[in-house]
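Open the model in your viewer and keep the selection box handy. We will go from stop to stop, choosing a few residues each time and looking at what is there.

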Amino acid sequence: QVQLVESGGGLVQPGGSLRLSCAASGTFFGINTMSWYRQTPGKQRELVASSITGGSTNYADSVKGRFTISRDNAKKTVYLQMNSLQYEDTAVYYCNADILGTSYRFYNYWGQGTQVTVSL
């Protein structure tokens, strides 16, 4: 069974930094896109950043220049380095990945979410 397990959330002051991690586990052949989304109460989940196999990345305008997505393919892990955090970054952050299963089909998976709170 494939799972995405996130870690690294928490409470941070405005201007501070956090690094989120998301590790994929289980039996599968590979991972294509790995992404981070976030969601606040009453709002739709929004894409924060994506990392495509091969090195391409993209970011939401609201986080460009502050957040960096990276991945370690050997560890099957994607990271989100968040700097200069703002109150507006407070949300539950979710990891998402397109994973090539043992049936040679891609399936989309979500992590359980990790809370990031920016507050004094």
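Start by selecting strand S11, residues 114–118, in this predicted model. Which of its side chains are buried, and which are not? Show the side chains and you will see them alternate: Thr-114, Val-116 and Val-118 point to one face and are buried, while Gln-115 and Thr-117 point to the other face and are not buried. In a regular strand, side chains alternate between the two faces of the sheet in this way.

Now add the partners of S11. Strand S2, residues 10–12, pairs with S11 in the parallel sense over three bridges; look for Val-12 standing opposite Val-118. Strand S9, residues 91–100, also pairs with S11 over three bridges, here in the antiparallel sense. On that side, Val-92 stands opposite Gln-115.

**The disulfide**

Stay with S9 and select Cys-95, then Cys-22. These two form a disulfide, with their sulfur atoms 2.1 Å apart, and a search of the whole structure finds one disulfide. The link joins distant parts of the chain: Cys-22 is in strand S3 (residues 18–25) and Cys-95 in S9, 73 residues apart. Turn the view to look along the S-S bond: its torsion is about -80°, so the disulfide is left-handed. Are the two cysteines buried or exposed? Cys-22 is buried, with a relative accessible area of 0%, and Cys-95 likewise counts as buried at 0%.

**The aromatic cluster**

Next, select Tyr-37, Tyr-94 and Trp-110, which form one aromatic cluster. Across the whole structure, a search finds three aromatic pairs. One of them, Tyr-37 with Trp-110, is edge-to-face, at 4.9 Å centre to centre and 65° between the planes. Tyr-37 lies in strand S4 (residues 30–39) and Trp-110 in strand S10 (residues 106–110), so this pair ties together parts that are 73 residues apart in sequence. Colour by accessibility if you like: Tyr-37 is partly exposed at 21% relative accessible area, and Trp-110 is partly exposed at 38%.

Add Arg-45 to the selection. What does Arg-45 lie over? Arg-45 lies over the face of Tyr-94, at 3.7 Å from the ring centre. The charged end of Arg-45 also sits over the ring of Trp-110, 4.5 Å from its centre.

**The nonpolar core**

Now for the interior. The largest nonpolar core has 28 residues, and those with the most contacts inside it are Trp-36, Val-48, Phe-67, Leu-80, Met-82, Tyr-93 and Ile-99. Elements giving two or more residues to this core are S3, S4, S5, strand S7 (67–72), strand S8 (77–82), S9 and S11. Which element gives the most? That is S9, with five residues.

Centre on Val-48 and show its neighbours. Leaving out residues up to four places away in sequence, Val-48 touches residues including Trp-36, Phe-67, Leu-80 and Tyr-93, and Tyr-37 from the aromatic cluster is also among its contacts.

**Last stop: Ser-51**

Finish on Ser-51, which lies in strand S5 (residues 46–51). Ser-51 counts as buried, at 4% relative accessibility. Beyond its neighbours within four places in sequence, Ser-51 is in contact with Asn-32, Thr-33, Met-34, Ser-56, Thr-57, Ile-69 and Arg-71. For a distance to try in the viewer, pick the C-alpha atoms of Ser-51 and Gly-101: they are separated by 19 Å, and the residues are 50 apart along the chain.

Technical notes:
Residues numbered from 1 in each chain as written. Predicted model: local features only at pLDDT ≥ 70, side-chain atom pairs only at ≥ 80, totals over all residues. Heavy atoms only, no water. Buried < 20%, exposed > 50% of the residue type's maximum accessible area, 1.4 Å probe, protein only. Helix = DSSP H or I, 4+ residues; strand = E, 2+ residues; numbered from the N terminus. Pairing = 2+ DSSP bridges. Phe/Tyr/Trp six-rings, centres within 6.5 Å; stacked < 30°, edge-to-face > 60°. Lys NZ or Arg CZ within 6 Å of the ring centre and 35° of its normal. Disulfide = S-S within 2.5 Å. Contact = heavy atoms within 4.5 Å. Core = buried A, V, L, I, M, F, W, Y, C linked by side-chain atoms within 4.5 Å.
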